[in-house]
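Me: Please take a close look at chain B, and in particular at its loops and at the way its domains meet. I would like one connected explanation that I can follow step by step.

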Amino acid sequence: MNCQDFCHIIDNGIIPDEQLRLMHEHMESCTSCRNYYLLVHESVENAQDILGNELPEAGLAADIGQFVFNAPPLAKAIPMWVKLTSAAAAIVCGLLIGSVAYDARMQSVQNQEYSYLNTATDAKTDTLYMAETTEIMYRSFIDENEGE
Amino acid sequence: MNIALLKKGDQRAFQELIDATHSDVFRLAVKFTSNRDDAKDIAQEVYLEAFRNIRDFREDANIRTWLYRITVNRSLNLIKRNKAKFQSLSIDSDSESIEGISAPVHHGADKPLENKELRTLLNAALDKLPENQRSAFLLFNHDGMSYNEIAEILNTSLSAVESLIFRSKANLRKLLGDYYEKNYRAPQVLKSTDVK
């Protein structure tokens, strides 16, 4: 077996049993292929041995216990349905207050439009309007009492 | 393990659970993070999360599997949070190779690779794998875990686990093979031509 055949078998991932003996023979004389076998085959197929099993320190269980039992209590999470309901209620309240305020404002504008004494906006026009009204009243009084 | 007592929040029962399982949780976290301090932090967080959510645990499930699932999630979160730190192990983070790891200066293809070197290279190659392939591969190599258990921990199907492990091995072979050819064999060829 040469190095090329050796690497080709390893790259395929599955080593046929009949090739294994030949490969071991080749590895005894070729350190390069042996390293290739260790890195590409052994470390993948037997990773548990390579990665090792690092044991924890002796006191870890007690440390974890202390950490867990002394941890501050978690702030109670607000359920999503409560959040959604609150948001919806806030929107409805906002719309309600807004519509009431808008109604009041429109009412006030209407009242101003129909008021005879709209002195605040245009005093001159109002004075003229009052004079006209007085004249009309005067004329109607004259008309009504014409015969007397 | 008395699940009913655990669900009631009994501290003594929970300490028994920690005593019985902390070693497995710690070792799994070390495999994911390659760092004992990080693994210790993860183990603490795993049990804190378990203690707070034990009421949600289904009694028909395996509590060890449940703890492993939390461990995997916590480990992956830590790796994401500290991405820069973990990527520094495999320097060339953008490429699909493990080029960044330099071969030991003293090393030549004529000297057998040591376990420590194999572990460093395997960890660097594992960092290059997609998250789900790495998780499946590491779980598969943790205490001979079965495909069923891995499927339950990763919340996936049995066939998906088989596929993930198969692909992870193929990718690792490719990454490690390419690395070896470039860093160990090539210098050897140069060395022999220099002599001539």
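Reply: A residue is called exposed if 12 or fewer other C-beta atoms lie within 10 Å of its own, and buried if 20 or more do. This is a predicted model, and with those cut-offs in hand we can begin with B:Asn155, which counts as exposed because it has 9 C-beta neighbours inside 10 Å. B:Asn155 sits in the loop that joins helix 8 (147–154) to helix 9 (158–195) of chain B, and its phi is near 55°, a positive value in a residue other than glycine.

B:Ser34 also has a positive phi, near 60°, and is likewise a residue other than glycine. The loop that holds B:Ser34 lies between helix 2 (11–33) and helix 3 (36–53) of chain B, and here the count of C-beta neighbours inside 10 Å is 20, so B:Ser34 counts as buried.

Turning to the domains, the assignment for chain B gives domain 1 (1–81) and domain 2 (95–196). Where they touch, domain 1 of chain B brings 10 residues to the contact and domain 2 of chain B brings nine. On the side of domain 1 of chain B that touches domain 2, helix 2 and helix 4 (63–81) of chain B each supply at least two residues, and the largest share, five residues, comes from helix 4 of chain B. Sorted by class, that side of domain 1 of chain B consists of five nonpolar, two polar and three charged residues.

How values were computed: Residues are numbered from 1 along each chain as its sequence is written. Chains are lettered from A and ligands numbered from 1 in the order in which they are written. This is a predicted model: local features need pLDDT of at least 70, side-chain atom pairs count only at pLDDT 80 or more; totals for chains, interfaces and linings use all residues. Helices (H or I, at least four residues) and strands (E, at least two) are DSSP runs, numbered from the N terminus. Domain bounds come from an automatic or database domain assignment. Two residues are in contact if their C-beta atoms, placed from the backbone, lie within 7 Å. Ala, Val, Leu, Ile, Met, Phe, Trp, Tyr, Cys and Pro count as nonpolar, Asp, Glu, Lys and Arg as charged, and the others, Gly among them, as polar.
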